Amino acid sequence: MNFLSVENLTKSYGDRILFSDITFGIDQGQKVALVAKNGSGKTTLLRCLMDVEPYDSGRVVYRKDISVVFMQQVDQLNSELTILEAVFDHDLPEIRAVKKYNEALITGNEDMLNEVYQELTDLNAWDIEVKISQILSVLKLNDSSLLIGQLSGGQKKRVALAKVLISEADFLILDEPTNHLDLDMIEWLEEYLSKSNSTILMVTHDRYFLEVVCDTILELDDQTLYRYKGNFSYFLEKKAERQEQLQSTIDKARNTFKKELEWIRRQPKARGTKQKARVESFQDIKNTASQKIQEDEIDIPVKMERLGTKILELHKVSKSFPDRLILNQLSYVFKRKERLGIVGNNGTGKSTFLNIIQDLESVDAGSVVVGETVVFGYYNQELIRVPEDKKVIDVIRDIAEYIPLEKGRQMSAAQFLEKFLFPRDMHYHFVHKLSGGEKRRLKLMTVLMKNPNFLILDEPTNDLDIFVMSVLEDYLRSFEGCLVVVSHDRYFMDKMVDHLFVFQGQGKIKDLVGNYTEYRKELQNIQKDEKIIIKDLPTEIVIDTPKKTEKSEKRKLSYKEKSEFDLLEKELHNLENKKIELTLILSDSSKSNQEIMNAGIELSDIVSLIDLKTERWLELSEFI
């Protein structure tokens, strides 16, 4: 069943065409990723599909009876709403019923309360608040009474994601859903979307996400859309085949072009009909032969400032804030070609650690010794400022006109820009005309252009496309200095680092040899070995149901079954009383939102348990 049909869609800004006459469709249940280089128009395409931005020509048609929800990169949340109000801001029957129920509780309108109670039951919407609570908990938005205006950019992004997930829409359109999520959240979202029944179209640069969640890849390249029926690995394989075929076509056209060029030069200006047709064909051959496939791999043999014997040493370093301990007598000596990854939950001190090793923040005890030859290069998106009114080439030239290479060679600022996928026709664009990903790439280049020998990268891959990340990985593989990386990109971490500092909170840091995937495997093994004990929750009875036989074969209960039957009667009586108590709490206008939410969660558990025990009671009662 087709959910979305796009026909001959074209969009341009002035003389710049983003995509031209693209046609594609998305069927029910498909999980589709849109990939392209930064600035190619991925976000613009999503906005056109949702009619948020006008397009030049073409048609966008959705199936009439489906619900569609769009999560944009830039949040569109009302700053005056609370987190809970924002995620409830949906025009869906279940959400409307829950909001009406809350209003009835506040006003004390009993008639309305009874009406909505029945409506919630009919819609099977009693678990909506439970689901909301679970999603907000996973996304670490536990205080749902906070105003949107009080939240950080990352928290707002997570609220927008929660709002989309709670909608359970038929069709989800997601623009960078993994940005501002920590690694645990990303893995949870990966599993959630994999199991979701929703049809999905997303833009994401998380390559493991593309591998696990998506079954179709759409690539926007050179104003054209290419479709690959498979995951990320399949896409890479087929894209390479496509480029090989294109290169073969270009090579043949270049050979033909040389011959035709000689003929054109020999012929007089007055030509016959056959000759004119050949001249027109020559122009097509020339266009094909002039194509150039952009290589995404680079080799920059930078002449790096040599590192001395002493690089960076931490001696019994301690650091704390009034509410938490960050470092507790940490000692570590950095070695040459160090490749360290840093992982841990938000608030455990990763950024503080980066500031301490660069002497940007003082320590409470201990010492940090930095070698005389160390040249730090620190990339942090929030700290680096690039003038919006400057041209791209001038931003790089202000740092250096040339960077030194091995064997006395040099690379110009323009050549360096080309290596990082800024073509010549973009060098004189003003910074404010760049996309978000292109600006990040330019900021990263301002750090690399300074030729550091100790690189510290704090979330370098956010908003960078998969092609630029491939370029960055190639650059870092040939980097001879020390590298420290904080990133939520699992694929990037696996390729770049050989050991991890795992920040566990309260000053605990574990040094783990291996990459991120090995770290997650170790965590999973630990979780399997540990017994998780949950207190004060009703225990589910596991029943071995015997194979069905004729009723005449069994005429009475065993002693054990009779005892179970008597116990079930008492338990059901107690559970029904508890259900009545919780229902009264839900209808009590004097109770707080938190108390009502807790009662709703417990009521959902009680109802499930009553159903389970009633079923068993009915089964046993047949033989009383």
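Me: What is the expected span of a helix?
Reply: Take one less than the number of residues and multiply by 1.5 Å. Helices here are DSSP runs of H or I with at least four residues, strands are runs of E with at least two, and both are numbered from the N terminus. By the way, this is a predicted model, where local features need pLDDT of at least 70, side-chain atom pairs count only at pLDDT 80 or more, and totals for chains, interfaces and linings use all residues. Residues are numbered from 1 along each chain as its sequence is written, and side-chain values use heavy atoms, with hydrogens and water left out.

Me: How do you know that the span of helix α3 agrees with what it should be?
Reply: Residues 93–107 make 15 residues, so α3 should span 21 Å, and its end C-alpha atoms are indeed 21 Å apart.

Me: And what follows α3?
Reply: That's G108, whose phi is positive, near 75°.

Me: Why is M411 called buried?
Reply: Buried means under 20% relative accessible area, exposed over 50%, and partly exposed in between (1.4 Å probe, protein chains only). M411 has 6% relative accessibility, so it counts as buried. You'll find M411 in strand β16, residues 410–412.

Me: Which residues of α3 are buried?
Reply: They're I95, A97, V98, Y101, A104 and L105.

Me: What makes β8 and β9 a pair?
Reply: Two strands pair if DSSP finds at least two bridges between them. Strand β8 (residues 216–221) is joined to β9 by 5 bridges, therefore they pair, running antiparallel. One of the bridge partners is Y228 in β9, which goes with I217.
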